[in-house]
Amino acid sequence: EIGVDGWKRIWLMLFELRDLKMLGGGISSRGKSLLMESEPDLLKEDGRREWTIKLVKRGNGKDSQLKKSSGVSSVFGAMGRALFGSVESTASTESSGRRVPAEHMRTVHGKEELIIWDEIAPSDDEDESKGSFDETESSYSIHGNSRLTLGAKFESLLIQEDLLLNQQREIMVTGLERVDDSNGVRLSPRARVRKRLSKNCDYAGLISDSRFMDDNSISNILEALTALIPIEPTIEVNGTSKPMTREISSGEFSAKLSQNPVSPASEAFAEILIAELALRNRDRLSVLWHDNLKSHYHARLKSIFHSYTEDDRTQLQVISGSMEKCIAGLLRISCCAIKRGDICNDVLETWTLLGEVEENETKKSLANSFDRHLAEGLWRITRGIDGTSGISGGGWNGILALTTWCANRGYTLPAVRSEAIGRTVGLAEDDPSLQAYRSLHFLLDVSEVKDDVPPGTVRCIRTLVATGEVRHCPKLSIAGLDLLHLLCNTVESSAIHVYREGSDEEKDAFWHENWLPILDSMAEACHS
């Protein structure tokens, strides 16, 4: 049986292959790939492109959008430096001249400069999907279809490659025929190695076949993955870097990990694997959550949400792909948990950490950098809620905290700009305020649980009404008043029951906690 340290070595080997662009991408010969998420991205296509540019440039570029004349070259130049490494890489040197912290050890292939988790060997010129290597190799097969050992298969592949290369290197009549020898048949050395590995190693099976493992084996896999990811973001304080803190794990092997950390891209890849393992084993999500996932996500999200910078621009130098995938992973697990019984309350309660965030003009939480992710995640969670969800106190508190944060975040964003025709345009599709409105509207008007929605949502609605005024979007304010009307109708049915059968104390509490906030909100809207 492979222990925790054994799985750490396996994952580290896999991460090294990923950093060397040896894993490949797209769909493998078995119809699956490890470098693909099983669910749609939280960001739209434009949002993903913009987020990637932010990660690559790390806040060293200009705030204004890229100029049309030089935008493409500057974007691809920055991405190239981050993916392949260079002496003047912005990922390794800050604009102020300070070097990367000492815990980021320099490597031969520059893995500490890799940012994007799912790049698939962009330095290769050939298109592997159109290559004829797979079509021609069968004609050079020596062993036929007989059963082979792994070593014999590897030897056979090497022989096939030699025969194919020798065929390509035949002497031409004039020597000019080789000028047009770029038909996609010739593969780079890295592409040939990647094909060998893909034929002999079922990487995706590490995740898909985990459903056949027992609880202890999956727990070891998750513990090994979480131990490879730093908990706290690296933030410079007074010119000195705050060292990374990793999750506690025993063993001499773990003690050496801080000296040789994985790349930033592989840290994000590890978060993807953790979420995929949880979703592949959703039938025992409760066991995985209490044994491994709860401590990991609670520690990481608390560290992210409670880390502050002076402004949003400074955050670009701190955020990383692993933070994004950690938040996205918990959002995906939350969407899955609402259909898995009581465990949904334990999972959703984690989002109450957002309610503990305290900000001011010079104190901005890192959560602000992930507002689009959180807003889209909120909408996906709420639209999956129905009468069978079984959400109770802790779960509703988490949803309410997430909704409140999105509404408050939308209030702080810039106002909507006016068009040349003199009227304002609407909010963007991924705007946190709009997503908060959609979620509340679904819960109060569409879903089967509108009677269970906590009255505390009135604070979110008041924020949405105020946001419409501040950001010059009157449609949002009107929509917020409509939500107040829906909430009033919902509370009215409960009020009839309380005033008929409740005690005087219950009546007074219901008035102060439910009716009065709604009336105050309506009066405030009328006054403004």
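Below, a student and a tutor talk through how some features of this predicted model get their labels.

Student: Let's start with two helices. Why is α15 called oblique to α16?

Tutor: Helix α15 (residues 371-382) and helix α16 (residues 393-412) have axes that come within 10 Å and cross at roughly 135 degrees. Angles over 145 count as roughly antiparallel and 65 to 115 as roughly perpendicular, with the rest as oblique. The crossing fits neither of those two ranges, and that makes α15 oblique to α16. The crossing is also left-handed.

Student: Which residues make the contact between α15 and α16?

Tutor: From α15 come Asp371, Leu374, Ala375, Leu378, Ile381 and Thr382. From α16 come Ile399, Leu402, Thr403, Trp405, Cys406 and Arg409. Sorted by class, that contact has eight nonpolar, two polar and two charged residues.

Student: What makes α1 and α8 oblique to each other?

Tutor: Helix α1 (residues 4-19) packs on helix α8 (residues 215-227) at an angle of about 55 degrees, and their axes are 8 Å apart. Roughly parallel needs an angle under 35 degrees, and roughly perpendicular needs 65 to 115. The angle of about 55 degrees falls in neither range, so α1 and α8 are oblique to each other. Here the crossing is right-handed.

Student: Which residues of α1 and α8 make that contact?

Tutor: On the α1 side they are Val4, Trp7, Lys8, Trp11 and Phe15. On the α8 side they are Asn220, Ile221, Glu223, Ala224, Leu225 and Ala227. By class there are eight nonpolar, one polar and two charged residues in this contact.

Student: On to charged pairs. How do you know that Arg49 forms a salt bridge with Asp46?

Tutor: The closest N and O atoms of Arg49 and Asp46 are 3.0 Å apart. A salt bridge calls for a side-chain nitrogen of Lys or Arg within 4 Å of a carboxyl oxygen of Asp or Glu, so this pair qualifies. Both residues lie in helix α2 (residues 45-57), three residues apart, about one turn of the helix.

Student: Why is Asp46 called exposed, while Arg49 is called partly exposed?

Tutor: Exposed means over 50% relative accessible area, and partly exposed lies between that and the 20% limit for buried. Asp46 has 54%, so Asp46 is exposed. Arg49 has 43%, so Arg49 is partly exposed.

Student: Glu50 is in helix α2 too. What makes Glu50 and Arg372 a salt bridge?

Tutor: Their side chains meet at 3.3 Å, N to O, and the limit is 4 Å. This pair links distant parts of the chain, with Arg372 in helix α15 and Glu50 in helix α2, 322 residues apart. Arg372, at 29% relative accessibility, counts as partly exposed, and Glu50, at 35%, also counts as partly exposed.

Student: Helix α15 holds Glu376 and Arg380 as well. Are these two residues buried or exposed?

Tutor: Buried means under 20% relative accessible area. Glu376 is at 10% and counts as buried. Arg380 is at 16% and is buried as well. Their side chains meet in a salt bridge of 3.0 Å, N to O. They sit four residues apart in α15, about one turn of the helix.

Student: How many salt bridges does a search of the whole structure find?

Tutor: The search finds 21. In addition to single pairs, there is a network of salt bridges linking Glu37, Glu39, Glu276, Lys325 and Arg332.

Student: Why is Ala328 called buried?

Tutor: Ala328 has 6% relative accessibility, under the 20% limit, so Ala328 counts as buried. Ala328 is placed in helix α13 (residues 321-337). The C-alpha atoms of Ala328 and Phe370 are separated by 9.3 Å, and the two residues are 42 apart along the chain.

Student: One last topic, the backbone. What is noted about the phi of Lys21?

Tutor: Lys21 has a positive phi of about 60 degrees although it is not a glycine. Lys21 is found in the loop between α1 and α2, and at 7% relative accessibility Lys21 counts as buried. His472 has a positive phi near 60 degrees and is likewise a residue other than glycine. His472 lies in the loop between α18 (457-470) and α19 (474-501). With a relative accessible area of 46%, His472 is partly exposed.

How values were computed: Residues are numbered from 1 along each chain as its sequence is written. This is a predicted model: local features need pLDDT of at least 70, side-chain atom pairs count only at pLDDT 80 or more; totals for chains, interfaces and linings use all residues. Side-chain values use heavy atoms; hydrogens and water are left out. Axes are lines fitted to C-alpha atoms, for helices over the stretch in contact, and angles run from 0 to 180 degrees between N-to-C directions. A crossing is left-handed if the near helix is turned anticlockwise from the far one by less than a right angle, and right-handed if clockwise. Contact means heavy atoms within 4.5 Å. Ala, Val, Leu, Ile, Met, Phe, Trp, Tyr, Cys and Pro count as nonpolar, Asp, Glu, Lys and Arg as charged, and the others, Gly among them, as polar. Buried means under 20% relative accessible area, exposed over 50%, partly exposed in between (1.4 Å probe, protein chains only).
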